[in-house]
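These are my notebook entries on one protein model. I looked up its sheet, its ring pairs and its empty spaces.

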Amino acid sequence: AAPSCIMGASKRLAELYLEGFDRERAVGMAIKSVRFGNVMGSQGSVVPRFAAQIAAGGPVEVTHPAMERYFMSIEDAVARVLAVVALTGSADQRAPTFIFDMGKAVKILDLANEMIAASGKDIKIVITQPREGEKLTEKLYDDAESIVGTPAPGIFRVTPNSNQISISAADLGALEDAAASADDTDFRERVFALLNARLSARADVAA
């Protein structure tokens with residue numbers, strides 16, 4: 001939620017488009033999306049990168065001392081996604097998004113220190129700089145939405161505060177045209193402009 005980079009914005013737009021697709025097409029299938037944290041050991045996870053750096057003798061690179069993320073195991077991620085699949089639909093929301101109780105966020109620096117300690121090696125940690133758009137902390141939901149419980153323990157449904165939040169096929173088509181003709185900076189601005197316009201549509205409360 002509250003993305004600051006184009007990758008995060010594309011994920012948020014995808015959630016909103018699923019809702020718009022469900023409204024426009026009425027295809028009669030259950031459409032759901034799930035937000036969750038970093039899966040330990042998965043591709044792109046910081047854990048394999050730290051392990052490789054430790055095996056190479058270091059240094060271990062941490063972007064910022066205050067950087068923190070939510071983590072979960074592969075087994076927990078799979079189990080919770082299957083639990084979401086099993087949940088019955090809600091009549092008051094199309095293509096709902098779900099989030100998990102992720103517990104307490106883990107500081108990346110603490111994780112690096114723990115992995116180094118477990119290795120038994122004397123490895124140096126160097127602090128680099130966050131990449132453009134990289135946030136120090138993660139938000140599981142934003143000001144444009146609320147969360148409500150579900151029958152599944154630890155799983156919550158994200159409820160938009162407006163029913164004008166969805167992305168239509170026409171919106172997506174305009175972005176596709178822009179992607180083909182605009183430069184990267186202009187396209188990024190258009191993506192965030194569309195996203196911000198939808199997320200600020202709060203006057204029409206979801207019914």
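Which residue in strand 10 is the bridge partner of Thr97? I looked it up, and the partner is Val158. The model is predicted, so I note the limits: local features need pLDDT of at least 70, side-chain atom pairs count only at pLDDT 80 or more, and totals for chains, interfaces and linings use all residues. Residues are numbered from 1 along each chain as its sequence is written, and side-chain values use heavy atoms, with hydrogens and water left out.

**Entry: the sheet**

I took helices (H or I, at least four residues) and strands (E, at least two) as DSSP runs, numbered from the N terminus. Two strands pair if DSSP finds at least two bridges between them.

Thr97 belongs to the pairing of strand 6 (residues 97-100) with strand 10, which is antiparallel and has four bridges. Strand 10 (155-160) is also joined to strand 9 (residues 145-149), antiparallel, by five bridges. There, Glu145 has Pro160 of strand 10 as its bridge partner. Five residues lie between the strands of this hairpin, and Gly154 takes a positive phi near 80°.

I then traced the whole sheet: it is open, with four strands in the order 1-6-10-9 and mixed pairing. Strand 1 (33-35) and strand 9 are the edge strands, each pairing on one side only. On average, neighbouring strands are turned by 35° against each other, direction ignored. For such angles, axes are lines fitted to C-alpha atoms, for helices over the stretch in contact, and values run from 0 to 180 degrees between N-to-C directions.

**Entry: helices on the sheet**

Contact here means heavy atoms within 4.5 Å. Helix 1 packs on the sheet and touches strand 1, strand 6, strand 9 and strand 10, with its direction at about 150° to that of strand 1. Helix 3 (residues 74-86) lies across strand 1, strand 6 and strand 10, at about 145° to strand 6.

**Entry: ring pairs**

Rings of Phe, Tyr and Trp (its six-membered ring) pair if their centres lie within 6.5 Å; planes under 30 degrees apart count as stacked, over 60 as edge-to-face and the rest as tilted. I found two aromatic pairs by this rule. One of them is Phe36 with Phe100, stacked, at 5.9 Å centre to centre and 10° between the planes. Phe36 sits in the loop between strand 1 and strand 2 (38-39) and Phe100 in strand 6, 64 residues apart.

**Entry: empty space**

On a 1 Å grid over the protein atoms alone, a cavity is a set of points where a 1.4 Å probe fits but cannot get out; a pocket is an open set with protein on both sides within 12 Å along at least five of seven lines, and lining residues have an atom within 4 Å of a point. Points are joined across faces, edges and corners, and a volume is the space filled by probe spheres set on them.

How many cavities of 30 Å³ or more does the whole structure hold? My search gave one, with a volume of about 90 Å³. Its lining has 13 residues, with Arg12, Leu16, Glu19, Thr97 and Pro160 nearest the centre. Helix 1 gives the most, four residues.

The largest pocket holds about 1,400 Å³. It is lined by 42 residues, and Met7, Lys11, Asn38, Arg69 and Glu138 are the closest to its centre. Helix 1 has the largest share of this lining too, with seven residues.
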